[in-house]
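Visitor: I should like a close look at a single part of this model, followed by a connected account of other selected sites. Please give the cut-off for each term as it arises.

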Amino acid sequence: MDIHEYQAKEILARFGVPVPRGGLAYSPEQAGYRARELGGSAWVVKAQIHSGGRGAAGGVKLCRSEDEVREFASTLFGRQLVTKQTDANGKGVYRVWVEGASDIAQELYLGFVLDRTSERIMIVASAHGGMEIEDLAATDPASLQRMTIDPAVGLSEFQARELAFALGLKAGQVAQMVTILRACYRAYRDLDATMVEINPLVITGTGELVALDAKMSFDTNALFRRPEIHELRDRSQEDPRESTAGDYGLAYVGLEGDIGCIINGAGLAMATMDMIKLAGGEPANFLDIGGGASPERVVRAFRTVLADRNVAVILVNIFAGINRCDWVAEGVVQAYREVGLTLPVVVRLAGTNVEEGKRILEGSGLPLITADTLAEAADKAVAARAKLAA
């Protein structure tokens, strides 16, 4: 789960990371008030969306008067901001962050991520910040400093100092960097984060280190024990199909194709999408209904897939172990009747109670297309799509 920049800054500040003073606004008038409240002669207005690259997309601006703050904020609210990290639809802007402008002498990059190879938290840092880490890795890979943290020990002071020296920091800044590094590590560890990024971490004209931007992501599976983090969820930044599916325990990811998929098991779902591609089609989604799929759960999966108007054919592929084919078959029949389906539906069942499941499908009297193998199911789904297009 992602959160907004201002939320990440508030969290990191509680752990001891220095951040600029700022205020949240939900209207242009409130943005102007925030600028007046902060004082000074220059402010930075930032669109709050779950995406990087906001500056290049026109979502960040340095303003030098309250009127300019209000005018720029008015161009952001309600806008779908498209960045290189969003799809063509962009992300809606419904709140902005106003903070006092900083005197920037140098920009650094600092990130904490999970390194799956070493199974440890890795720090990635660079003396050249202010750009996306992917761009930095491509243009100046030698500038990246990497360090893994032993989970049994945590981030020790000597490690933090070593990284600070590697970034070329002056003596007076090393202690500040040690504090920031250890604070970020504690936030990552204590809140079940999957990523903490400060970009840029700036050195001001007076030599102070300040987190000018921040981003945090969290392990969705751990949110049950982090209610204070779960409350930060912003559904307006999520795909409504994925959000609704998640509420019902369905793993859903929307894609660009037109063959909807209802499958149990992530591995089988990936294999099914590969087979659809191999047969010449394009999957519309990844959907894993999980184990123990009741008829009601199958109906909910159908409704989720049909929320995508691009779907022209539905492919149900179930290999029942914990699941039961008769339950899935009952769900398919129930969904067909409740939803009033008119699209072609291809069903392939295998595993527990498969014969009973096939009997239910055959006895339903519905125009369901059945298949015995995954390859056959994919071919029939693509053929049904081609027939509709003809």
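Guide: M1 touches M216, S217, F218, T220, L223, I229, H230 and R233, leaving aside residues up to four places away in sequence; contact here means heavy atoms within 4.5 Å. The model is predicted, so local features need pLDDT of at least 70 and side-chain atom pairs count only at pLDDT 80 or more, while totals for chains, interfaces and linings use all residues. Residues are numbered from 1 along each chain as its sequence is written, and side-chain values use heavy atoms, with hydrogens and water left out.

M1 belongs to the segment before α1; helices (H or I, at least four residues) and strands (E, at least two) are DSSP runs numbered from the N terminus. One of the residues that M1 touches is S217, and the C-alpha atoms of M1 and S217 are 5.4 Å apart although 216 residues separate them along the chain. M1 counts as buried because its relative accessibility is 15%; buried means under 20% relative accessible area, exposed over 50%, and partly exposed in between, with a 1.4 Å probe and protein chains only.

Helix α1 itself contributes to an aromatic pair. A search of the whole structure finds 1 such pair. It is stacked because the ring centres of Y6 and W97 are 5.8 Å apart and their planes lie at 20°. For Phe, Tyr and Trp (its six-membered ring), centres within 6.5 Å make a pair, and planes under 30 degrees apart count as stacked, over 60 as edge-to-face and the rest as tilted. The pair joins distant parts of the chain, with Y6 in helix α1 (residues 5-15) and W97 in strand β6 (residues 96-100), 91 residues apart. Y6 is buried at 7% relative accessibility, and W97 is likewise buried at 7%.

A further buried site is D308, at 8% relative accessibility, in the loop between α10 (295-306) and β16 (313-320). D308 touches R241, Y252, L255 and A284, not counting residues up to four places away in sequence.

Lastly, helix α13 (residues 374-389) has 16 residues and reaches 23 Å from its first C-alpha to its last, close to the 22 Å expected at 1.5 Å a residue, that is, 1.5 Å times one less than its number of residues. Within α13, L374, A377, A378, A381, V382 and A384 are buried. They lie on the same side of α13 because they cover an arc of only 155° around the axis, taken from the directions from the helix axis to the C-beta atoms. Their cover includes β14 (259-263), α9 (266-278), β16, β17 (345-351) and β18 (369-371).
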